[in-house]
Amino acid sequence: MSHRYAVFGHPVAHSLSPRIHAAFAAQFGMALEFVAMDAPPDQFGQVLARFAATGGRGASVTLPLKELALDLCAEVSARARRAGAVNTLLRHGDAWQGDNTDGIGLVHDLAERRRLDLRGRRVLLLGAGGAARGVAPALLDAGVGELWIVNRTPEKADTLADALGEPGRVHTRYWSDLAQLGGFDMLVNATSAGRGGGGLDLPFSLAGNRALAVDLNYGEAAVSFLAWAGAAGIQHRFDGLGMLVEQAAEAFALWHGKRPDTDEVYEALSSRADALQTA
Ligand code: NDP
C-alpha cells in the first residue's frame, strides 16, 4: 500500500497545504500523495480511521479540528500538550502521534527568515484560541521578556496563562485595559476577527518604538490589523503566510526526516494573489 498524506479541516477545499507539500517534495524528487480532506467535526474520528486503513501515514490538521485531533492520539508531544491542540499527525504502528508545529513555525519565520531578535521583547498576544495556545509557549521558549495575553473572553486568557505556568513573565488583562498597557515591542494578532472583514478596536498607544506586528492570518483576513499597525507607525509588519510555510516544513521533516528549503515556497506563494485568500 502506498503512503498517503493529507490535510484535514472543515472547510478545507482552499487549503494551501497540498501545494506547499508538493513543492517541498519536488525539492527532494519525491513522489508524494498529499490531498485536502474535508471532515466535519462529528465525523473526524471515522474519516481519520479510514485514512489510516488506506495507507495514511501523516496529516496536517486545521480549523476546527485541532483540539479533536489531540483526543484521537495515543501519544502527544510536550508542545502539543501545552498548546492543547494538535496540528500534525504521524502514524506510528497502529496509532496516531500528535505534535504541534504552529509555534515553532512562527518563531522560525520571525527569527530565521526575517532575522528578528525576539529576546527580551515585551509582547502583546491578542487572542487565546488554538493559534494563540500554539504560539505562546514557543514565544516564551524563544526568550521574549514579557507576554501579555488579552482575549475577548477573558477567562480563556487566564486559562492559557495558567497553563503556561510562568507568572513572572505572563500576564493577562481585559480588552478594556488596552489603553492603559503602554507600548509593546511586538504585537501578535491571533484572533480570527479579520476573517469576514471585521477588525479590532485597538489604541495606537500599544505600538512601542521598535515594535513589530504579526498577524497570524494572511490575505484579506490580515488587512485590517496590518493597516492599523501601519497607521500606528509600526514598520515591521507581517502576515501569517510565513508561519504557515514554516509549520508545514516542520511537519514535513517529522514525516520524511528531511527539512525542505522554505524560502522559494514562501516567495512563490506570497507573489500569488490567490495564495492570500484562505488557510
Ligand atoms: P479559534 O477559533 O480557536 O480562536 C479564535 C480567537 O479569536 C479567540 O481568541 C476569539 O476570542 C478571537 N476572536 C474572534 N472574533 C473576535 C472579535 N470579533 N474580536 C476579538 N476577538 C475575536 O481560532 P484559532 O486560534 O485556531 O485561529 C485564529 C486565527 O489564526 C485564524 O483566523 C486562523 O486562520 C489563524 N491561524 C493561522 C495559522 C498560520 O499558520 N498562519 C495557524 C493557525 C491559525 P473568544 O475566545 O472571545 O471567542
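**Group meeting: two sheets, two domains**

Okay, let's start in the middle of things: β7 and β10 run parallel and are joined by 4 bridges. When I say two strands pair, I mean that DSSP finds at least two bridges between them. And the helix and strand names are DSSP runs numbered from the N terminus, with H or I over at least four residues for a helix and E over at least two for a strand.

Before going on, two bits of housekeeping. This is a predicted model, with local features needing pLDDT of at least 70 and side-chain atom pairs counting only at pLDDT 80 or more, while totals for chains, interfaces and linings use all residues. Residues are numbered from 1 along each chain as its sequence is written.

Back to β10. Across from V123, the bridge partner in β10 is M186. M186 also stands opposite L212 in β11. That second pairing, β10 (184-189) with β11 (207-215), is parallel too and spans 5 bridges. Within it, N189 has D215 as its bridge partner in β11. So is β10 mostly covered or mostly open? Mostly covered: 5 of its 6 residues are buried. Buried here means 20 or more other C-beta atoms within 10 Å of a residue's own; 12 or fewer is exposed, anything in between is partly exposed, and C-beta atoms are placed from the backbone.

Let's zoom out to the whole sheet. This one is open, has 6 strands with parallel pairing, and reads β9-β8-β7-β10-β11-β12. At the edges sit β9 (170-173) and β12 (236-238), each pairing on one side only. On average, neighbouring strands are turned by 20 degrees against each other, direction ignored. Lying across β10, β11 and β12 is helix α8 (220-231), which runs at about 170 degrees to β11. For angles like that, axes are lines fitted to C-alpha atoms, for helices over the stretch in contact, and the angle goes from 0 to 180 degrees between N-to-C directions.

Two arginines around here are fun to compare. R121 is in the loop between α5 (102-113) and β7 (122-126). Buried or exposed? R121 is buried, because 22 other C-beta atoms lie within 10 Å. Leaving out residues up to four places away in sequence, R121 touches V144, G145, D185 and M186. Touching, or contact, means that the two C-beta atoms, placed from the backbone, lie within 7 Å. So there's our M186 again, as one of the contacts of R121.

The other one is R195, in the loop between β10 and β11. R195 counts as partly exposed, because 15 C-beta neighbours fall inside 10 Å. With the same sequence cut-off of four places, R195 touches N217 and A221. R195 and G219 are 24 residues apart in sequence, with 9.6 Å between their C-alpha atoms.

Now the other sheet. It is also an open sheet of 6 strands, but here the pairing is mixed and the order is β2-β1-β3-β5-β6-β4. Edge strands this time are β2 and β4 (75-76), and each pairs on one side only. β4 runs parallel to β6 (95-99), with 2 bridges joining them. In that pair, V76 stands opposite G98 in β6.

Which strands does α1 lie across? Those are β1, β2 and β3, with α1 running at about 165 degrees to β2. There's another helix packed on the sheet, α2 (44-53), which touches β1, β2, β3 and β5 (88-92) and makes about 145 degrees with β3.

Let me stay with α1 (17-27) for a second. Its buried residues are S17, I20, H21 and F24. Looking down the axis, these fall within an arc of 90 degrees (taken from the directions from the helix axis to the C-beta atoms), so they line one face of the helix. What do they pack against? β1 (4-9), β2 (34-38), β3 (56-61), α9 (241-256) and α10 (263-270). Just after the helix, G29 takes a positive phi of about 65 degrees.

Last thing, the domains. Domain 1 is 4-100 + 245-276 and domain 2 is 103-239, with bounds from an automatic or database domain assignment. Their C-alpha centres lie 25 Å apart. Each side gives 13 residues to the contact. On the domain 1 side, the elements giving two or more residues are α3 (66-71), α4 (78-83) and α9. That's it from me, happy to rotate the model for anyone.
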